[in-house]
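Here are my notes on the model you sent. Please read them with the structure open.

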Amino acid sequence: MHYKEFAPTGLLKNYVQCYFVCETDTAVFAEDKVFATGVIEIMFNVGADGPQQLKNGDLIRQPDIQLWGQTIHPFNFVSFGKHAMFGIRFFPHTAACFFNERIEEFNNQVIDFKDIGGKETAVLHSKLLEAKTLNQRIELADAFLLRLLSHSVNKFTRLKLVSSIMHDLGRDDFFENINTIAARYGISSRYLQKIFLNYSGLSPNLFSKIVRFQKSVHLVAGKNISLTTIAHQCGYFDQSHFIKDFKFFTGAAPSRFVAETSTDLFVSLKN
């Protein structure tokens, strides 16, 4: 599999973490373990056939345009096909600026994006298929996202606040509770919970757990650091809390985790 990321420019660099391409040279059978990354993605099939999901021994064609919501519970995605996908990955708190729907409604789902985006999304997909170069595809995606963004001005008012709170929650030395953070920003803890959910689809506590998990899973994949050291470096109270969270997000203990079974290790939380 060939995977590459490309940074957006201009206004969109504040809203889009990256564009990415994921391709295979031939039709392949792949079993991918998917777990929490803290981000939402849109993926367009730009290949001749596209991946098909294998369910109960039957190959089922997947939507040509997929919206991947926040993954909280781990799941397996078994597919076959010659993959050629063009993707858009948002920051943890910015996807809500592009949709009218409540962002938490997408959690733990892979949705046919045409059901949400309608005709304009289908037109974009056709143009992406016709595009001759990656730069042309990025330009088309830029124009599409900027149009969506222009309709969501009322959602920008608390974007900086949520971004700052996410920065606090993502610190290695973070040990404060939600009430303390809310007081520092002059808001109630209830309001903090509400706006955080509206922008990210996650509660502050769950987001904080995903940040720690994402740090830990990359260290576990390296296989050269003790579990005690990983727990300490990632801000867990102790090794048992680390193992409990790791099992929750991957379905396996750190000692039994096989990094090669998941492409999610390409993704990291950035904000």
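The points below take the sheet, then the helices, then the salt bridges.

1. **Status.** This is a predicted model. Please keep that in mind for each point that follows.

2. **Sheet order.** Six strands make up an open sheet, and their pairing is antiparallel. The order across the sheet is β1-β2-β9-β4-β7-β10. Strands β1 (2-6) and β10 (110-112) are the edges, each pairing on one side only. On average, neighbouring strands are turned by 20° against each other, direction ignored.

3. **The β10 edge.** How many bridges join β7 and β10? Three, in the antiparallel sense, with β7 covering residues 65-68. To locate the pairing by residue, start at Gln66: its bridge partner in β10 is Asp112.

4. **Helices on the sheet.** Helix α1 packs on the sheet and touches β4 (41-45), β7, β9 (84-90) and β10. The direction of α1 makes about 50° with that of β4. Helix α2 also packs on the sheet, touching β1, β2 (16-23) and β9. Here the angle is about 40°, taken between the directions of α2 and β9. Strand β9 is thus touched by α1 and by α2.

5. **The α1/α2 pair.** Helix α1 spans residues 114-130 and helix α2 residues 134-150. Their axes lie 9 Å apart, at an angle of about 165°. Angles over 145 degrees count as roughly antiparallel, so α1 and α2 fall in that class. The crossing of α1 past α2 is right-handed.

6. **The α1/α2 contact.** From α1 come Glu120, Thr121, Leu124, Lys127, Leu128 and Leu129. They meet Arg137, Leu140, Ala141, Phe144 and Arg147 of α2. By class, that is six nonpolar, one polar and four charged residues.

7. **The α3/α5 pair.** Which way do the axes of α3 and α5 run, roughly parallel or roughly perpendicular to each other? The axes of α3 (residues 159-169) and α5 (residues 189-200) cross at roughly 100° and come within 10 Å. The two helices are therefore roughly perpendicular. On the α3 side the contact uses Leu159, Leu161, Val162, Ile165, Met166 and Leu169. On the α5 side it uses Leu192, Ile195, Phe196, Tyr199 and Ser200. The class count is ten nonpolar, one polar and no charged residues.

8. **Salt bridges.** The structure holds seven. One of them pairs Glu5 with Arg89, with the closest N and O atoms 3.2 Å apart. Glu5 sits in strand β1 and Arg89 in strand β9, so the pair links distant parts of the chain, 84 residues apart.

Terms used:
Residues numbered from 1 in each chain as written. Predicted model: local features only at pLDDT ≥ 70, side-chain atom pairs only at ≥ 80, totals over all residues. Heavy atoms only, no water. Axes fitted to C-alpha atoms, helices over the stretch in contact; angles between N-to-C directions. Helix = DSSP H or I, 4+ residues; strand = E, 2+ residues; numbered from the N terminus. Parallel < 35°, antiparallel > 145°, perpendicular 65-115°, else oblique. Left-handed = near helix turned anticlockwise from the far one by under 90°. Contact = heavy atoms within 4.5 Å. Nonpolar A, V, L, I, M, F, W, Y, C, P; charged D, E, K, R; others polar. Pairing = 2+ DSSP bridges. Salt bridge = Lys/Arg side-chain N within 4 Å of Asp/Glu carboxyl O.
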